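Reader: I should be grateful for a close look at a single part of this model, set within its surroundings. Please begin with the loop that interests me and work outward from there.

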Amino acid sequence: MSALPMSPLASIGFRWLMLYRICTLFSYQIVAVTVGWHVYELTRDPWSLGLIGLAEVIPFFCVAPFSGYLVDHLPRRKLGAAACAVLALNALVLALVAGDVIPLRGLWPIYLVIAIGGVARSFLGPVHNALFARVLRRDQFGRGASIGSVVFQAGLVLGPAIGGVLVGAAGKWAAYGLSTVFALVAAGALLCMPVSEPAQQQQRGPVFASIAEGLRFVFGHQILLAALALDMFAVLFGGAISLAPAFIKDVLHAGPEALGILRGAPALGSVAAALWLARHPLQANAGRIMLVAVACFGACMIGFGLSTAFWLSVLFLLLSGVFDGVSVVLRSTVLQLSTPDEMRGRVSSVNSIFISSSNELGAFYAGSMARLLGLVPSVVLGGFVTMGVVGITAWKAPRLRKLDLRELQ
């Protein structure tokens, strides 16, 4: 049987969607690496790195429920293109700051730009997930999710590497400038995408009632809720990668190019896991495998925190990405199979609150704990807490522990 007719890549709309996804990732990840280096270069304080995450997560968290509602009720492509335009403008402002065209007085302008970016980024995931269901048939969702995971992780690998190399070779302004270009390309990809969006709903319920409907769906779906909570707390307490600039300067004694490698190592491991899972999809014992993978992720964070050798640190982060990749693919598959089409925006926004915001909260937690306990102890403690979260989830969520993905198909 030929696999070509069933391949998601045969869909032109899906290819444009993947271009949008990887370009937004490139734009965001280049800024994340560059602004972390920029701020730590100015302050030499891990606490300032944690504040970067806090500056983004607060507006993201506040706006995400409303962005999901808007994605379910307004043209998705236009909303996504507008969000990309904001990301482009933000990166351009940071480039002007880094090039001393705009004088920097204190760090508040950088944190303000990051906060605005958090608002824009709250639309990216819901737009992607809603359009995903419009460019593929349901029988293509599984393979499409695997390909999307590979693209996502590839963006996480290449984005930090590109940012780190550019900072070292051409300066911070060049990295910010390239981020602007990627965001504009992402906006163009959405506007060029051939897709039939659903007609705008004739009957719209009250905004807060509609948002509450999405929340009730997630919190009433035991397996989906447990999978999201497990991933959220693992990222929250195991978010050591946000402290990479401090580890590079104070523990590993390397430069910005090494920062790009360190930031990209987890995503490289995740790409390897996603590629393997695309050829060998998990079904039976999926829940147990997810729990074991997250526990191993926590163990890798402990190893990273204790390492003083650069390539050993890279290895631990690479392995952490492999285990995280398994968790991400399983969570994404559960999300796509469980969500009704008319609620994809709202459910995706809840997913974003659980997962995306936990990255920034994890960065704030890591920076705060590093200030209180020291750089290495904070990372080691986070790894142990992550493993504890796995034990509690396995105890409190038996349906996730016994999950077979065929039950959701």
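Author: The residue to begin with is His-253, which is found in the loop between helix H9 (244-252) and helix H10 (256-279). The model is a predicted one, and the mean pLDDT of the protein chain is 82, with 91% of its residues at 70 or more. Confidence is under 50 over residues 1-5, a stretch for which the model has four contacts beyond four places in sequence.

His-253 takes a positive phi of about 55°, although it is not a glycine. This backbone value occurs just after H9. Is the residue buried or exposed? His-253 has a relative accessible area of 61%, and it is therefore classed as exposed, the cut-off being over 50%.

The helix that precedes this loop is mostly covered, since seven of the nine residues of H9 are buried. These are Ala-244, Pro-245, Ala-246, Phe-247, Ile-248, Val-251 and Leu-252. Against which helices do the buried residues of H9 pack? Their partners are H1, helix H2 (46-73), H10, helix H11 (286-306), helix H12 (310-338) and H14.

Ile-248 leads from H9 to the interior of the model. In the largest nonpolar core, which has 78 residues, Ile-248 is among the four that touch the most other members, together with Leu-17, Tyr-20 and Leu-262. Helix H1 (residues 12-43) gives the most to this core, with 14 residues. Apart from it lies another core, of 37 residues, which includes Ala-273, Ala-293, Leu-335 and Leu-403.

Leu-17 may be followed further. Not counting residues up to four places away in sequence, Leu-17 touches His-128, Leu-131, Phe-132, Val-135 and Met-193. A further reference point is Cys-192, whose C-alpha atom is separated from that of Leu-17 by 9.8 Å, although the two residues are 175 apart along the chain. Cys-192 lies in helix H6. With a relative accessibility of 49%, Cys-192 counts as partly exposed, because exposure requires a value over 50%.

Helix H6 itself comprises 21 residues, 172-192, and reaches 31 Å from its first C-alpha to its last, close to the 30 Å expected at 1.5 Å a residue. Its buried residues are Lys-172, Ala-174, Ala-175, Tyr-176, Ser-179, Thr-180, Phe-182, Ala-183, Ala-186, Ala-187, Ala-189 and Leu-190. An α-helix has 3.6 residues a turn, so residues three or four places apart point the same way. Among the buried residues of H6 are Tyr-176, Ser-179, Ala-183, Ala-186 and Leu-190.

Two of the helices against which H9 packs, H11 and H12, each contain a residue that merits description. In H11 there is Gly-298, which is buried, with a relative accessible area of 0%. Leaving aside its neighbours within four places in sequence, Gly-298 is in contact with Gly-383, Thr-386 and Met-387. Between Gly-298 and Phe-152 there are 22 Å from C-alpha to C-alpha, and the two are 146 residues apart in sequence.

In H12 there is Val-328. What is the relative accessible area of Val-328? The value is 9%, and Val-328 is therefore buried, the cut-off being under 20%. Outside the residues up to four places away in sequence, Val-328 touches Ser-149, Gln-153 and Asp-231. Val-328 and Val-119 are 23 Å apart in space, C-alpha to C-alpha, and 209 residues apart in sequence.

H14, another partner of H9, also borders an internal space. The structure holds five cavities of 30 Å³ or more, and the second largest of them encloses about 70 Å³. Its lining consists of 14 residues, of which Phe-237, Ala-240, Ala-366, Ser-378 and Val-379 lie nearest the centre of the cavity. The elements that give two or more residues to this lining are helix H13 (344-373) and helix H14 (375-396).

Finally, H2, which also packs against the buried residues of H9, may be considered alongside Ser-122. Ser-122 is located in helix H4 (residues 108-135). It is buried, with a relative accessible area of 1%. Neighbours within four places in sequence aside, Ser-122 is in contact with Phe-60, Val-63, Ala-64 and Ser-67.

Note on methods:
Residues are numbered from 1 along each chain as its sequence is written. This is a predicted model: local features need pLDDT of at least 70, side-chain atom pairs count only at pLDDT 80 or more; totals for chains, interfaces and linings use all residues. Side-chain values use heavy atoms; hydrogens and water are left out. Helices (H or I, at least four residues) and strands (E, at least two) are DSSP runs, numbered from the N terminus. The expected span of a helix is 1.5 Å times one less than its number of residues. Buried means under 20% relative accessible area, exposed over 50%, partly exposed in between (1.4 Å probe, protein chains only). A nonpolar core is a set of buried Ala, Val, Leu, Ile, Met, Phe, Trp, Tyr and Cys residues joined through side-chain atoms within 4.5 Å. Contact means heavy atoms within 4.5 Å. pLDDT is the predictor's confidence in each residue, from 0 to 100. On a 1 Å grid over the protein atoms alone, a cavity is a set of points where a 1.4 Å probe fits but cannot get out, and a pocket is an open set with protein on both sides within 12 Å along at least five of seven lines; lining residues have an atom within 4 Å of a point. Grid points are joined across faces, edges and corners, and a volume is the space filled by probe spheres set on the points.
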